[in-house]
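Dear colleague,

I am handing over the structure below, and I would be glad if you could look through it before reading what was found in it.

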Amino acid sequence: MNEEVIPVILSCDDKFVRHAACTIASIVKNSQRRYQFYLLDCGISEVNKQKLAEWDLGKNTLKVMPMGKVEAFERIATLSGFFPPANFYRLLIPELFPELNKAIYLDSDIVVVGDLGDLWDIDLGDKLMGVVYMDPTFSACDEYDEFKRRYQIPLERRYFNNGVMLMNLEALRTFGFTDKLSNLIVKVCSEASNKGVCVPCELLFNKTFDNEQLLELDPKFNFVINCTYSKQLAKRVQPVCWHYICYKPWTLRERSFSGCTFFMFCTFRHYYRYAKCTPWKDEVYKDIKWPVVVKMLWKWCFQPVEIFVKQRLLK
(Lines give C-alpha, C1' and ligand atoms only; values in the text may rest on other atoms or scores of the structure.)
Protein backbone atom coordinates (compact mmCIF):
# COMPACT_ATOMS: atom_id res chain seq x y z
CA MET A 1 0.00 0.00 0.00
CA ASN A 2 1.17 3.53 -0.81
CA GLU A 3 2.16 5.14 2.51
CA GLU A 4 2.66 8.63 1.08
CA VAL A 5 0.77 11.20 3.16
CA ILE A 6 -1.60 13.25 1.02
CA PRO A 7 -2.09 16.91 2.03
CA VAL A 8 -5.67 18.13 1.66
CA ILE A 9 -6.49 21.78 2.40
CA LEU A 10 -9.90 23.29 3.18
CA SER A 11 -10.95 26.78 4.27
CA CYS A 12 -14.03 27.74 6.25
CA ASP A 13 -15.61 29.91 8.92
CA ASP A 14 -17.73 28.75 11.86
CA LYS A 15 -20.86 28.51 9.73
CA PHE A 16 -19.28 25.95 7.41
CA VAL A 17 -17.05 24.02 9.80
CA ARG A 18 -19.42 21.06 10.19
CA HIS A 19 -19.76 20.82 6.41
CA ALA A 20 -15.98 20.87 6.03
CA ALA A 21 -15.90 18.04 8.58
CA CYS A 22 -18.34 16.12 6.37
CA THR A 23 -15.94 16.53 3.45
CA ILE A 24 -13.08 15.20 5.57
CA ALA A 25 -15.14 12.26 6.88
CA SER A 26 -16.16 11.28 3.35
CA ILE A 27 -12.51 11.20 2.23
CA VAL A 28 -11.44 9.05 5.18
CA LYS A 29 -14.32 6.60 4.75
CA ASN A 30 -13.59 5.99 1.07
CA SER A 31 -9.82 5.64 0.98
CA GLN A 32 -7.11 3.46 2.49
CA ARG A 33 -4.51 6.19 1.93
CA ARG A 34 -3.10 8.43 4.68
CA TYR A 35 -4.12 12.09 4.74
CA GLN A 36 -2.87 15.24 6.42
CA PHE A 37 -5.82 17.64 6.53
CA TYR A 38 -5.25 21.36 6.92
CA LEU A 39 -8.24 23.54 7.80
CA LEU A 40 -7.74 27.28 7.32
CA ASP A 41 -9.57 28.78 10.28
CA CYS A 42 -11.40 31.90 9.14
CA GLY A 43 -13.44 32.39 12.29
CA ILE A 44 -14.12 28.99 13.83
CA SER A 45 -15.41 29.19 17.41
CA GLU A 46 -13.44 27.73 20.32
CA VAL A 47 -16.20 25.20 20.95
CA ASN A 48 -16.01 23.88 17.42
CA LYS A 49 -12.21 23.89 17.40
CA GLN A 50 -12.32 21.72 20.50
CA LYS A 51 -14.60 19.27 18.71
CA LEU A 52 -12.12 19.08 15.87
CA ALA A 53 -9.23 18.55 18.28
CA GLU A 54 -11.01 15.60 19.91
CA TRP A 55 -12.04 14.00 16.61
CA ASP A 56 -10.48 10.59 16.02
CA LEU A 57 -9.45 10.26 12.36
CA GLY A 58 -7.49 7.07 12.79
CA LYS A 59 -4.16 7.16 10.94
CA ASN A 60 -5.03 10.56 9.45
CA THR A 61 -4.29 13.92 11.06
CA LEU A 62 -5.99 17.32 11.09
CA LYS A 63 -4.34 20.67 11.72
CA VAL A 64 -6.43 23.80 12.23
CA MET A 65 -4.55 26.91 11.10
CA PRO A 66 -5.84 30.29 12.41
CA MET A 67 -5.90 32.98 9.72
CA GLY A 68 -5.36 36.63 10.50
CA LYS A 69 -7.78 38.93 8.72
CA VAL A 70 -6.63 40.07 5.27
CA GLU A 71 -8.24 43.41 4.47
CA ALA A 72 -8.46 42.78 0.71
CA PHE A 73 -10.26 39.47 1.26
CA GLU A 74 -12.68 41.00 3.73
CA ARG A 75 -13.38 43.87 1.36
CA ILE A 76 -14.08 41.77 -1.74
CA ALA A 77 -16.28 39.46 0.33
CA THR A 78 -18.32 42.48 1.43
CA LEU A 79 -18.53 43.63 -2.17
CA SER A 80 -19.67 40.19 -3.32
CA GLY A 81 -22.26 39.95 -0.58
CA PHE A 82 -22.86 36.23 -1.10
CA PHE A 83 -19.32 34.86 -0.74
CA PRO A 84 -17.70 34.82 2.74
CA PRO A 85 -14.05 35.87 3.23
CA ALA A 86 -13.07 32.22 3.79
CA ASN A 87 -13.53 31.67 0.04
CA PHE A 88 -10.59 33.91 -0.74
CA TYR A 89 -8.03 32.63 1.77
CA ARG A 90 -7.16 29.78 -0.61
CA LEU A 91 -5.06 32.39 -2.41
CA LEU A 92 -2.52 32.13 0.42
CA ILE A 93 -1.97 28.37 0.15
CA PRO A 94 1.37 28.37 -1.75
CA GLU A 95 2.90 30.76 0.81
CA LEU A 96 1.31 29.11 3.84
CA PHE A 97 2.87 25.76 2.98
CA PRO A 98 6.44 26.38 1.77
CA GLU A 99 7.36 22.82 2.74
CA LEU A 100 4.85 21.32 0.29
CA ASN A 101 5.38 20.96 -3.46
CA LYS A 102 1.89 19.68 -4.18
CA ALA A 103 -1.51 19.67 -2.44
CA ILE A 104 -5.22 19.13 -3.00
CA TYR A 105 -7.63 21.96 -2.25
CA LEU A 106 -11.34 21.23 -1.70
CA ASP A 107 -14.33 23.47 -1.02
CA SER A 108 -16.36 22.67 2.09
CA ASP A 109 -19.55 21.89 0.15
CA ILE A 110 -18.09 18.74 -1.41
CA VAL A 111 -18.67 15.08 -0.54
CA VAL A 112 -16.12 12.55 -1.77
CA VAL A 113 -17.55 9.12 -2.59
CA GLY A 114 -14.46 7.52 -4.15
CA ASP A 115 -10.74 7.28 -3.48
CA LEU A 116 -9.28 10.80 -3.48
CA GLY A 117 -5.87 9.17 -3.83
CA ASP A 118 -6.67 8.73 -7.53
CA LEU A 119 -6.65 12.52 -7.89
CA TRP A 120 -3.39 12.84 -5.97
CA ASP A 121 -1.64 10.31 -8.20
CA ILE A 122 -2.16 12.44 -11.34
CA ASP A 123 1.11 13.82 -12.70
CA LEU A 124 0.86 17.58 -13.14
CA GLY A 125 4.12 17.86 -15.07
CA ASP A 126 4.89 21.56 -15.47
CA LYS A 127 1.23 22.64 -15.18
CA LEU A 128 0.30 25.04 -12.38
CA MET A 129 -2.90 23.27 -11.37
CA GLY A 130 -5.26 20.47 -12.31
CA VAL A 131 -8.87 21.69 -12.64
CA VAL A 132 -12.25 20.63 -14.01
CA TYR A 133 -13.61 22.89 -16.72
CA MET A 134 -17.23 23.96 -16.41
CA ASP A 135 -18.28 23.11 -19.96
CA PRO A 136 -21.99 23.75 -20.68
CA THR A 137 -22.97 20.15 -19.95
CA PHE A 138 -21.38 20.29 -16.51
CA SER A 139 -22.25 23.87 -15.63
CA ALA A 140 -24.46 24.85 -12.71
CA CYS A 141 -24.60 28.41 -13.97
CA ASP A 142 -25.20 29.84 -17.44
CA GLU A 143 -23.73 33.26 -16.63
CA TYR A 144 -20.07 32.49 -17.35
CA ASP A 145 -20.02 34.43 -20.63
CA GLU A 146 -21.49 37.45 -18.85
CA PHE A 147 -18.74 37.24 -16.24
CA LYS A 148 -16.13 36.97 -18.99
CA ARG A 149 -17.38 40.08 -20.74
CA ARG A 150 -17.65 42.08 -17.53
CA TYR A 151 -14.12 41.24 -16.40
CA GLN A 152 -12.43 41.15 -19.80
CA ILE A 153 -11.82 37.40 -19.82
CA PRO A 154 -11.40 36.09 -23.39
CA LEU A 155 -14.65 34.39 -24.41
CA GLU A 156 -12.73 31.49 -25.98
CA ARG A 157 -11.04 30.72 -22.66
CA ARG A 158 -12.63 27.72 -20.97
CA TYR A 159 -14.01 28.49 -17.53
CA PHE A 160 -13.15 26.29 -14.56
CA ASN A 161 -14.48 25.94 -11.04
CA ASN A 162 -11.82 26.25 -8.34
CA GLY A 163 -13.63 24.17 -5.71
CA VAL A 164 -11.35 21.24 -6.51
CA MET A 165 -7.72 21.98 -7.37
CA LEU A 166 -4.69 19.75 -7.62
CA MET A 167 -2.09 22.42 -6.92
CA ASN A 168 1.54 22.46 -8.04
CA LEU A 169 2.64 24.65 -5.15
CA GLU A 170 6.27 24.91 -6.20
CA ALA A 171 5.29 26.14 -9.66
CA LEU A 172 2.64 28.48 -8.23
CA ARG A 173 5.23 30.12 -5.96
CA THR A 174 7.51 30.67 -8.95
CA PHE A 175 4.54 32.07 -10.88
CA GLY A 176 3.86 34.58 -8.09
CA PHE A 177 0.35 33.20 -7.58
CA THR A 178 -0.51 34.88 -4.26
CA ASP A 179 0.75 38.32 -5.27
CA LYS A 180 -0.93 38.23 -8.68
CA LEU A 181 -4.32 37.24 -7.25
CA SER A 182 -4.09 39.64 -4.30
CA ASN A 183 -3.26 42.54 -6.62
CA LEU A 184 -6.14 41.56 -8.87
CA ILE A 185 -8.51 41.64 -5.90
CA VAL A 186 -7.45 45.20 -5.09
CA LYS A 187 -7.99 46.20 -8.74
CA VAL A 188 -11.40 44.51 -9.00
CA CYS A 189 -12.55 46.13 -5.75
CA SER A 190 -11.58 49.59 -6.97
CA GLU A 191 -13.31 49.08 -10.32
CA ALA A 192 -16.45 47.40 -9.03
CA SER A 193 -16.98 49.10 -5.67
CA ASN A 194 -19.92 51.13 -6.93
CA LYS A 195 -21.46 48.54 -9.25
CA GLY A 196 -22.83 46.08 -6.71
CA VAL A 197 -21.57 43.11 -8.73
CA CYS A 198 -20.98 39.56 -7.58
CA VAL A 199 -17.29 38.60 -7.58
CA PRO A 200 -16.79 34.87 -6.96
CA CYS A 201 -13.28 33.73 -6.14
CA GLU A 202 -13.22 31.42 -9.17
CA LEU A 203 -13.72 34.39 -11.49
CA LEU A 204 -10.42 35.86 -10.30
CA PHE A 205 -8.70 32.53 -10.98
CA ASN A 206 -10.14 32.39 -14.48
CA LYS A 207 -8.96 35.91 -15.17
CA THR A 208 -5.42 35.01 -14.10
CA PHE A 209 -4.74 31.64 -15.75
CA ASP A 210 -4.61 30.68 -19.41
CA ASN A 211 -5.89 27.22 -20.26
CA GLU A 212 -2.39 26.23 -21.40
CA GLN A 213 -1.14 26.65 -17.83
CA LEU A 214 -3.66 24.18 -16.45
CA LEU A 215 -4.17 20.43 -16.64
CA GLU A 216 -7.72 19.35 -17.45
CA LEU A 217 -9.06 16.84 -14.92
CA ASP A 218 -11.78 14.28 -15.44
CA PRO A 219 -15.20 15.82 -14.58
CA LYS A 220 -15.69 13.09 -11.97
CA PHE A 221 -13.33 14.96 -9.66
CA ASN A 222 -15.60 18.02 -9.49
CA PHE A 223 -19.12 17.02 -10.47
CA VAL A 224 -21.41 20.01 -10.04
CA ILE A 225 -24.94 19.27 -8.83
CA ASN A 226 -27.31 20.79 -11.35
CA CYS A 227 -30.71 19.33 -12.20
CA THR A 228 -30.64 20.10 -15.88
CA TYR A 229 -27.50 18.18 -16.75
CA SER A 230 -26.30 16.18 -13.74
CA LYS A 231 -29.18 13.73 -13.83
CA GLN A 232 -28.29 12.78 -17.39
CA LEU A 233 -24.52 12.59 -16.89
CA ALA A 234 -23.98 11.17 -13.41
CA LYS A 235 -24.13 7.53 -14.49
CA ARG A 236 -21.66 8.08 -17.31
CA VAL A 237 -19.20 10.18 -15.32
CA GLN A 238 -19.32 8.16 -12.05
CA PRO A 239 -18.51 11.15 -9.78
CA VAL A 240 -15.80 10.93 -7.14
CA CYS A 241 -16.51 14.42 -5.79
CA TRP A 242 -20.10 15.66 -5.60
CA HIS A 243 -20.02 19.46 -5.46
CA TYR A 244 -23.14 21.12 -4.05
CA ILE A 245 -22.58 24.58 -5.53
CA CYS A 246 -26.17 25.80 -5.87
CA TYR A 247 -28.09 23.13 -4.00
CA LYS A 248 -27.05 22.68 -0.37
CA PRO A 249 -28.31 19.41 1.15
CA TRP A 250 -28.23 20.78 4.68
CA THR A 251 -30.86 23.44 3.91
CA LEU A 252 -33.18 21.78 1.37
CA ARG A 253 -34.63 25.06 0.20
CA GLU A 254 -37.46 25.28 -2.31
CA ARG A 255 -35.10 25.66 -5.28
CA SER A 256 -33.55 22.27 -4.37
CA PHE A 257 -36.64 20.53 -5.70
CA SER A 258 -37.02 22.29 -9.04
CA GLY A 259 -38.26 19.45 -11.18
CA CYS A 260 -35.75 16.83 -10.02
CA THR A 261 -36.89 15.81 -6.55
CA PHE A 262 -35.82 12.17 -6.70
CA PHE A 263 -32.43 12.89 -8.25
CA MET A 264 -31.64 15.65 -5.76
CA PHE A 265 -32.51 13.42 -2.82
CA CYS A 266 -30.30 10.69 -4.27
CA THR A 267 -27.33 13.07 -4.34
CA PHE A 268 -28.12 14.63 -0.96
CA ARG A 269 -28.00 11.23 0.75
CA HIS A 270 -24.21 11.26 0.39
CA TYR A 271 -24.01 14.34 2.61
CA TYR A 272 -26.29 12.92 5.30
CA ARG A 273 -24.36 9.66 5.37
CA TYR A 274 -20.97 11.23 6.07
CA ALA A 275 -22.22 14.14 8.19
CA LYS A 276 -23.25 11.49 10.73
CA CYS A 277 -19.58 10.46 10.99
CA THR A 278 -18.47 13.88 12.28
CA PRO A 279 -18.51 15.51 15.73
CA TRP A 280 -21.65 17.33 14.53
CA LYS A 281 -23.67 14.18 13.92
CA ASP A 282 -26.46 15.49 16.14
CA GLU A 283 -26.81 18.64 14.03
CA VAL A 284 -27.21 17.02 10.60
CA TYR A 285 -30.77 18.30 10.17
CA LYS A 286 -30.29 21.55 12.08
CA ASP A 287 -30.81 23.99 9.18
CA ILE A 288 -33.54 22.19 7.27
CA LYS A 289 -36.79 24.13 6.87
CA TRP A 290 -39.22 21.26 7.35
CA PRO A 291 -42.38 23.13 6.26
CA VAL A 292 -40.65 23.90 2.95
CA VAL A 293 -39.61 20.25 2.57
CA VAL A 294 -43.13 18.99 3.18
CA LYS A 295 -44.57 21.56 0.79
CA MET A 296 -42.15 20.69 -1.97
CA LEU A 297 -42.50 16.95 -1.50
CA TRP A 298 -46.22 17.35 -1.84
CA LYS A 299 -45.88 19.58 -4.88
CA TRP A 300 -43.42 17.39 -6.79
CA CYS A 301 -44.36 13.89 -5.60
CA PHE A 302 -47.94 13.67 -4.39
CA GLN A 303 -49.76 16.52 -6.09
CA PRO A 304 -49.39 14.99 -9.59
CA VAL A 305 -50.92 11.76 -8.24
CA GLU A 306 -53.81 13.73 -6.71
CA ILE A 307 -54.44 15.53 -10.01
CA PHE A 308 -54.33 12.25 -11.95
CA VAL A 309 -56.84 10.58 -9.60
CA LYS A 310 -59.21 13.56 -9.76
CA GLN A 311 -59.06 13.57 -13.54
CA ARG A 312 -59.82 9.85 -13.67
CA LEU A 313 -62.75 10.26 -11.31
CA LEU A 314 -64.18 13.10 -13.36
CA LYS A 315 -64.05 10.94 -16.46
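The second largest cavity in this predicted model has a volume of about 30 Å³, and the count comes to two cavities of 30 Å³ or more. The residues that line the second largest cavity are Arg18, Tyr271, Ala275, Thr278, Trp280, Glu283 and Val284. Sorted by character, this lining divides into four nonpolar residues, one polar residue and two charged residues.

Turning to the protein as a whole, the model has 12 helices and 10 strands, and buried residues make up 52% of its 315 residues. Among the contacts with a separation of 6 or more, 79% are between residues that lie 24 or more positions apart.

Seven strands form an open sheet with mixed pairing, in the order 3-2-1-4-7-6-8. Strand 3, which covers residues 61–66, and strand 8, which covers residues 214–216, stand at the edges and have a single partner strand each, so one side of each is left without a neighbour in the sheet. From one strand to the next, the twist averages 30°.

Within this sheet, strand 1 (residues 5–12) pairs with strand 2 (residues 34–41) in the parallel sense, and the pairing extends over eight bridges. If you would like a place to start looking at these two strands, Leu10 stands opposite Leu39 in strand 2.

With best wishes

Conventions: Residues are numbered from 1 along each chain as its sequence is written. This is a predicted model: local features need pLDDT of at least 70, side-chain atom pairs count only at pLDDT 80 or more; totals for chains, interfaces and linings use all residues. Side-chain values use heavy atoms; hydrogens and water are left out. Two strands pair if DSSP finds at least two bridges between them. Helices (H or I, at least four residues) and strands (E, at least two) are DSSP runs, numbered from the N terminus. Axes are lines fitted to C-alpha atoms, for helices over the stretch in contact, and angles run from 0 to 180 degrees between N-to-C directions. On a 1 Å grid over the protein atoms alone, a cavity is a set of points where a 1.4 Å probe fits but cannot get out, and a pocket is an open set with protein on both sides within 12 Å along at least five of seven lines; lining residues have an atom within 4 Å of a point. Grid points are joined across faces, edges and corners, and a volume is the space filled by probe spheres set on the points. Ala, Val, Leu, Ile, Met, Phe, Trp, Tyr, Cys and Pro count as nonpolar, Asp, Glu, Lys and Arg as charged, and the others, Gly among them, as polar. Buried means under 20% relative accessible area, exposed over 50%, partly exposed in between (1.4 Å probe, protein chains only). Contact means heavy atoms within 4.5 Å.
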